[in-house]
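Work through the exercises below with the sequence and the model open side by side. Each task is followed by its solution in steps.

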Amino acid sequence: MPLHIGGTGSGKPFVKYNAKADKWFARGEDGSDQEIARPTFIIDLPNIATGWLMFREGQAPERCIDPSLDQAAPSPGEGFKRGFVVMTFSQKFLGGAAEFSSASIHLSNAMKDIYSAWENQRGQHPGQLPVVACTGADPMKDKYGTNYRPKFEIVKWVDRPSDLPDANPIDPSDIWKSQGSGLGAPSRPQAAPVSPPARVPPPVPAQALASDPMLEAEF
């Protein structure tokens, strides 16, 4: 029986936006960041989570996630910023399902706007998820210089794909517990530089692309 320890050099599938450079990246099959074009993807806004995030180069992010969207967790300390975690899906741009998270203030504000649009429109599309396109970016000047805020637009609505489960994307250990429960903010060991192996989606047959609306060439 093998020991399930160590790493392969690859990690959890993700998509990320570099607000300083206005560039998008996804984790490639070799575990490295691969730059991609402005993506279009299905986004699981019903299961989005917010909270405090800290990103360090070469390590998994540290998180203290809000118990709910209307109950913010207290700040765990220096270096943490408010952000979000949400699952996305795009066969074309991401190779399947991928986590999208950030603590960038400009990206978070763009996400707040698209979330508001989703809230306003979801009643007309029961049981469906929005397909969001990044159509550009606006330069934003702040104390850190010029950063970019992506422009998001809901371009259509689709049924949930089977590879995007209707589930909370957060590990329960990352969710903040109130003092009344006897627990405070998540207490976790220092994040290891090696992440869990990624699930690389299998190639999609051309016939499947033609028959499954979730796998259309546009996303």
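A salt bridge is counted where a side-chain nitrogen of Lys or Arg lies within 4 Å of a carboxyl oxygen of Asp or Glu. The structure is a predicted model, and a search of the whole of it finds 8 salt bridges.

**Exercise 1. Describe the overall make-up of the protein: its helices and strands, their order, and the share of buried residues.**

Step 1. The protein contains 3 helices and 10 strands.

Step 2. Along the sequence these elements follow the pattern β-β-β-β-β-β-β-α-β-α-β-β-α.

Step 3. A residue is called buried when its relative accessible area is under 20%. By that cut-off, 39% of the 219 residues are buried.

Step 4. The protein exposes about 12300 Å², and carbon and sulfur atoms supply 53% of this area.

Step 5. Take the contacts between residues at least 6 apart in sequence: 64% of them join residues at least 24 apart.

**Exercise 2. Find which strands pair with β7, and state whether β7 is enclosed or open.**

Step 1. Start with strand β4 (residues 40–43), which is joined to β7 by 2 bridges in an antiparallel arrangement. Ile 43 stands opposite Thr 88 of β7.

Step 2. Go on to strand β5 (residues 49–54), which runs antiparallel to β7 and is joined to it by 5 bridges. In this pairing Gly 51 is opposite Gly 83 of β7.

Step 3. Strand β8 (residues 96–102) also pairs with β7 in the antiparallel sense, over 7 bridges. Here Val 85 has Ser 101 of β8 as its bridge partner.

Step 4. Now check burial. Of the 10 residues of β7 (residues 81–90), 8 are buried, so the strand is largely enclosed by the rest of the structure.

**Exercise 3. Locate the largest nonpolar core and the second core, and name residues of each.**

Step 1. Nonpolar side chains tend to be buried together in soluble globular proteins.

Step 2. In this model the largest nonpolar core has 27 residues, and those with the most contacts inside it are Trp 24, Leu 94, Phe 100, Met 111 and Phe 152.

Step 3. Helix α2 (residues 105–121) gives the largest share of this core, 6 residues.

Step 4. A second core is separate and has 9 residues, including Met 87, Phe 89, Val 131 and Phe 219.

**Exercise 4. For the salt bridges of Asp 33, Asp 44 and Arg 82, give the partner, the distance and the parts of the chain that are tied together.**

Step 1. Side chains of opposite charge can pair when their charged atoms come close.

Step 2. Asp 33 pairs with Lys 16, with the closest N and O atoms 2.7 Å apart. Asp 33 is in strand β3 (residues 33–36) and Lys 16 in strand β1, so this pair ties together parts 17 residues apart in sequence. Asp 33 is partly exposed at 35% relative accessible area, and Lys 16 is partly exposed at 34%.

Step 3. Asp 44 meets Arg 160 in a salt bridge of 2.9 Å, N to O. Asp 44 lies in the loop between β4 and β5, and Arg 160 in the loop between β10 (145–159) and α3 (206–211), so the pair ties together parts 116 residues apart in sequence. Asp 44 is buried, with a relative accessible area of 1%, whereas Arg 160 is partly exposed at 24%.

Step 4. Arg 82 forms a salt bridge with Asp 66, the closest N and O atoms being 2.6 Å apart. Arg 82 belongs to strand β7 and Asp 66 to the loop between β6 (62–65) and β7, so the pair ties together parts 16 residues apart in sequence. Arg 82 is partly exposed, with a relative accessible area of 33%, while Asp 66 is buried at 6%.

Step 5. Salt bridges with shared partners join Asp 44, Arg 160 and Asp 166 into one network.

**Exercise 5. Examine Asp 22: what is its phi, where does it lie, and is it buried or exposed?**

Step 1. The phi of Asp 22 is near 55°, a positive value in a residue other than glycine.

Step 2. Asp 22 sits in the loop between β1 (14–18) and β2 (23–27).

Step 3. The relative accessible area of Asp 22 is 18%, so the residue counts as buried.

Terms used: Residues numbered from 1 in each chain as written. Predicted model: local features only at pLDDT ≥ 70, side-chain atom pairs only at ≥ 80, totals over all residues. Heavy atoms only, no water. Core = buried A, V, L, I, M, F, W, Y, C linked by side-chain atoms within 4.5 Å. Buried < 20%, exposed > 50% of the residue type's maximum accessible area, 1.4 Å probe, protein only. Helix = DSSP H or I, 4+ residues; strand = E, 2+ residues; numbered from the N terminus. Pairing = 2+ DSSP bridges. Contact = heavy atoms within 4.5 Å. Areas by Shrake-Rupley, 256 points an atom, 1.4 Å probe, with all protein chains shown as cover.
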